[in-house]
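User: Hello! I am new to this structure and would like a close look at a single part, namely a cavity and the chains around it. Please take me through it in one connected account.

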Amino acid sequence: MRFAPLLIALFLTACSEPQPPLVASDVEVTRPMPGMKMSAAFFVLTNNTDEPIRITSVTSPQFATVEIHETMIEDGIARMRELDALVVPPSGSVTLERGGKHLMLMRPGELGDRVALQLMSDDAPLLTIDYLFASESAPGDDDAR
Amino acid sequence: MVAAVLAGAYLANRLQPPATAESAMILPNPDVVPAFSAVDQHGNNIDESVFKGQWDLVFFGFTHCPDICPMTLQVLATAKQQLADAGKSPLPRIVLVSVDPERDTPELMGQYVDYFGEGNLGITGTVEGISQLTEGLGIYFKKQPSDDENYNVDHSAAVLVIDPDGRFHALFGGPHVIENYVNDLPIVLAGGS
């Protein structure tokens with residue numbers, strides 16, 4: 001009987017769903033502001049594997065160009081630069097946020113209620129983020145669905 | 001007995017230190033905004049006199065900036081709304097000066113600043129005209145080389161407070177947080193230290 005808890009734990013482990021290798025959470029995609037041809041996407045990426053995951057490009061059916069950018073404030077100067085890749089460390093996470101790393105979405109087509117972002121490693125798809133805009137758009141008001 | 005209590009309360013009030021701005025840096029010798037030539041979001045020609053007659057919160061940014069610029073303007077707009085809700089007066093005008101006048105037409109500036117509320121001012125024009133203003137205020141901006149139209153512009157992240165006499169009165173260096181503005185603006189706009 002003393003082995004029962006251990007057996008139950010092993011059983012639960014064996015039956016648990018395998019975690020996806022890469023998970024996006026706290027997703028926010030801003031709508032382009034009036035007259036603008038660009039917006040941004042922010043989220044947290046979590047790597048559930050033992051290897052680093054390298055995101056080298058992002059595509060979207062709704063935007064002609066998506067770039068990985070980072071804003072840095074150094075000595076009171078805001079600088080934004082394009083990154084070659086986004087690396088999520090093993091069993092770790094990377095946060096894309098205002099004033100830091102983010103996706104820059106440029107040249108939108110006809111925008112409906114949804115936007116999809118496909119994260120790629122070289123030419124291999126890693127993860128698709130599907131986002132539903134909030135009905136009333138104000139900066140920071142959209143929620144991930 | 002009553003007189004003693006009242007005297008004590010009076011002294012306690014007098015001895016209480018005046019409220020002090022915690023995030024804003026108030027300039028001991030404010031400089032007058034330099035002469036410059038630009039246009040507002042309606043296409044009207046403007047100069048340094050546009051800063052006279054009201055308190056202004058002035059941020060230098062550009063409409064193709066996807067994160068810092070809208071985030072900062074939203075912080076300013078939210079802080080202003082919270083001060084209005086609390087019955088504070090005067091309330092500052094929010095001003096965006098474009099550091100990318102080549103792309104930021106008056107029409108674009110109008111759409112952009114209107115997104116953050118009524119009564120905001122957008123300033124654009126020519127690089128030369130904007131530089132007259134920025135150089136005089138010690139504000140940095142530099143267009144980054146790019147192969148296409150999607151270039152970036154490095155720029156100072158500070159928010160300047162201009163007083164109703166058109167003088168550079170105080171500076172919020174950032175990071176820009178709503179609470180800092182809600183706490184400090186009533187002090188700064190009252191001429192506090």
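Analyst: Accessible areas here come from the Shrake-Rupley method with a 1.4 Å probe. By that method chain A of this predicted model exposes about 8,100 Å², and carbon and sulfur atoms supply 53% of that area.

Now for the part you asked about. Searching the whole structure turns up three cavities of 30 Å³ or more, and I will take the second largest, which holds about 70 Å³ of space. Its lining draws on both chains: from chain A come T71(A), A78(A), R79(A) and M80(A), while chain B supplies F62(B), C65(B), P66(B), D67(B), I68(B), N152(B), V153(B) and H155(B). Sorted by class, seven of these lining residues are nonpolar, three are polar and two are charged. Two elements give two or more residues each to the lining of this second largest cavity: strand 6 (77-82) of chain A and strand 8 (153-156) of chain B. Strand 6 of chain A gives the most, with three residues.

With the cavity in place, let us look at chain A as a whole. It has one helix and 11 strands, and the helix comes at the start, with the strands following one after another. Of the 145 residues in chain A, 38% count as buried. Among contacts in chain A with a separation of 6 or more, 64% are between residues 24 or more positions apart.

Strand pairing gives a view of such links. In general, strands of a sheet pair through backbone hydrogen bonds, in either a parallel or an antiparallel way. In chain A, strand 9 (residues 101-108) is joined to strand 2 (residues 38-47) by four bridges, with the two running antiparallel. One of the partnerships here is S39(A) with L105(A). Strand 9 of chain A also pairs with strand 5 (residues 63-74) of chain A, again antiparallel, over seven bridges; here T65(A) has M106(A) as its bridge partner.

Chain B, the other contributor to the cavity lining, has an open sheet of eight strands with mixed pairing, in the order 1-10-9-4-5-6-2-3. Strand 1 (24-32) and strand 3 (45-46) of chain B stand at the edges of that sheet with a single partner strand each, so each has one side without a neighbour in the sheet. Further in, strand 9 (residues 159-162) and strand 10 (residues 167-172) of chain B run antiparallel and are joined by four bridges, and V159(B) has F172(B) as its bridge partner in strand 10.

Two helices of chain B round off the picture. P106(B) lies in helix 3 (residues 106-114) and is partly exposed, with a relative accessible area of 27%. Leaving aside residues up to four places away in sequence, P106(B) touches V39(B), D40(B), Q41(B), G43(B) and T124(B). For G43(B), the C-alpha atom is 5.7 Å from that of P106(B), although the two are 63 residues apart along the chain. In helix 4 (residues 127-137) of chain B, the buried residues are G129(B), I130(B), S131(B), L133(B), T134(B) and L137(B). An α-helix has 3.6 residues a turn, so residues three or four places apart point the same way. Just after helix 4 of chain B comes G138(B), which takes a positive phi of about 75°.

Methods:
Residues are numbered from 1 along each chain as its sequence is written. Chains are lettered from A and ligands numbered from 1 in the order in which they are written. This is a predicted model: local features need pLDDT of at least 70, side-chain atom pairs count only at pLDDT 80 or more; totals for chains, interfaces and linings use all residues. Side-chain values use heavy atoms; hydrogens and water are left out. Two strands pair if DSSP finds at least two bridges between them. Buried means under 20% relative accessible area, exposed over 50%, partly exposed in between (1.4 Å probe, protein chains only). Contact means heavy atoms within 4.5 Å. On a 1 Å grid over the protein atoms alone, a cavity is a set of points where a 1.4 Å probe fits but cannot get out, and a pocket is an open set with protein on both sides within 12 Å along at least five of seven lines; lining residues have an atom within 4 Å of a point. Grid points are joined across faces, edges and corners, and a volume is the space filled by probe spheres set on the points. Ala, Val, Leu, Ile, Met, Phe, Trp, Tyr, Cys and Pro count as nonpolar, Asp, Glu, Lys and Arg as charged, and the others, Gly among them, as polar.
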